[in-house]
Amino acid sequence: MITKLYSGGRQWVQARRRYLPEDKRLSRDAVVSLFIHFCFQFGASMSGIFLTLYLWRLTESLWINGMYYIFNYAIAPLAFALGGLIIKRKDRMVTYRIGIALIAIFYLLVVFAQEKVVDYYILFGIFAGSASSFYWAGYLTLMYDVSTEQNRIRYLAINMIVFTLAGLIGPALAGIIIRYNEGLQGYTIVFSIAFFMFLIATLGSFKIKTAVSHHKAYYLKFVGLLMNKNKQWSKSLFGFLVLGLFQGIMLFLPNILLFQIVGREDLVGYLGVLYATLSIITGFVLTKYGREDRTKLFLIVSTLGFIIGTLFIIWQLSLISVVLFMVLYSICAPLQGNTITSVYFRIIGALPLKGQLRVESVVMRETFVNVGRVISIFTLILLTKYGGNGLLPWVLFGASISQAGLVWLLQRSPDIATEKQNQ
């Protein structure tokens, strides 16, 4: 099955390559990485959304859901640092495979624990955060390695399309399974399928060979000094913290709001198909029109989209307003995410030691993102606990306004090209 899927994908890519300039073409490892990521996201999209709803069905507590994600993201910087150390000592594929395997084990434990997940939600949150951190530490490093400055925007856009396509199919299938199985049995089936997809991703990862590196020094303890010397890199890291302020809330709150309104998991999944379709369309647009000189424009447009979307929810918290908000978010999130990632990869290429700091840069990126996520989620659950659910739209509004900071933090610096030429 894996061989057939991979061969089909390879034939499609070879046909496309004939119509592309040489410097825009993707390498074999880049194509394989996209296939693995599809398998991973297919399992993650099936299970991730419905794990949130699973906890909600069992507790109906925003506090427990929020604390689960706080512990998830709080452990991430430490797990990323450890994953980065393994990348430096061994290879990014070792960390990558450990991450996929741990995520598979996580959902296997969810299947066995069932309702007892609530009793140990803190431990499950820590486990999930550690597993996903290993995965993303390996994959983000891999993304940098298999792409070049000439094809990176295209690779990131295709990666987003693949990621979103899997996210389109997964929730719809999971929603159908849960809808037609009584009680919590459907959730168990969904988590079991997710485990199987992560197993396929693990096997597929062996298509990419490990790379032997003679640069095993881990410079993480020097990042503070580097932040002081390289202001552009420092500003980009704080940009990821700003990104996390909005992203943290969006990773779990919209699905709970939708479920409260419609009361059916399958409808949440079907709406997820709509959102994923819009994100895919945005990805195709980026493959054609995405350029680094449009960074500021893309960040302004995405921020305005977030703000307008939250105004719908402030006006009225209903199915229509939540759907309109998510429609705008689904268009603007990939526009923002691809832009900030492309800019950050360019900045990494301009750092000292000619690319040897890519692992440390990935670790620091995720550290700042997760700090932003923890701040936003803790603020959300604290305000709603003492001020009521009526504050939810206003917390979202505040988080969306904060994204305007990215326009200043990530504006193109004329010094980057100069710095790179002098190395």
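Both Arg92 and Asp91 are buried in the predicted model, and the two residues are joined by a salt bridge in which the closest N and O atoms lie 3.2 Å apart. This pair belongs to a set of three salt bridges held by the structure. Side chains of opposite charge can pair when their charged atoms come close. A further salt bridge links Glu366 to Arg365, with a separation of 2.0 Å between the closest N and O atoms, and here too Glu366 and Arg365 are buried.

The salt bridge between Lys88 and Glu360, whose closest N and O atoms are 2.9 Å apart, connects two helices. Lys88 is located in helix α4, which spans residues 76-89, while Glu360 is located in helix α15, so the pair ties together parts of the protein that are 272 residues apart in sequence. Lys88 has a relative accessibility of 4% and therefore counts as buried, the cut-off being under 20%. Glu360, at a relative accessibility of 1%, falls below that cut-off as well and so is likewise buried.

Helix α15, comprising residues 358-387, also contributes to the surface of the model, since it gives the most to a nonpolar patch, with three residues. The patch is formed by Trp63, Phe378, Leu382 and Tyr386, which together present about 420 Å² of accessible area. Among these residues, Phe378 is found in helix α15 and is partly exposed, with a relative accessible area of 38%. Because patch members must have over 30% relative accessible area, the value for Phe378 is consistent with its place in the patch.

With respect to cysteines, a disulfide is a covalent bond between the sulfur atoms of two such residues. When a distance within 2.5 Å between cysteine sulfur atoms is required, the count comes to zero disulfides. Two of the cysteines may nevertheless be described by their accessibility: Cys39 counts as buried at 3% relative accessibility, and Cys332 is buried with a relative accessible area of 5%.

As regards confidence, the mean pLDDT of the protein is 77, and 83% of its residues reach 70 or more. Over residues 413-423, by contrast, pLDDT stays under 50, and for this segment the model has 15 contacts beyond four places in sequence. Where pLDDT is low, the predicted coordinates should not be read in detail.

Terms used. Residues are numbered from 1 along each chain as its sequence is written. This is a predicted model: local features need pLDDT of at least 70, side-chain atom pairs count only at pLDDT 80 or more; totals for chains, interfaces and linings use all residues. Side-chain values use heavy atoms; hydrogens and water are left out. pLDDT is the predictor's confidence in each residue, from 0 to 100. Contact means heavy atoms within 4.5 Å. Patches are made of residues with over 30% relative accessible area and no salt bridge: like charges are joined within 9 Å, nonpolar side chains (Val, Leu, Ile, Met, Phe, Trp, Tyr) within 5 Å. Accessible areas come from the Shrake-Rupley method with a 1.4 Å probe; for residues, only the protein chains shown count as cover. A salt bridge is a side-chain nitrogen of Lys or Arg within 4 Å of a carboxyl oxygen of Asp or Glu. Helices (H or I, at least four residues) and strands (E, at least two) are DSSP runs, numbered from the N terminus. Buried means under 20% relative accessible area, exposed over 50%, partly exposed in between (1.4 Å probe, protein chains only).
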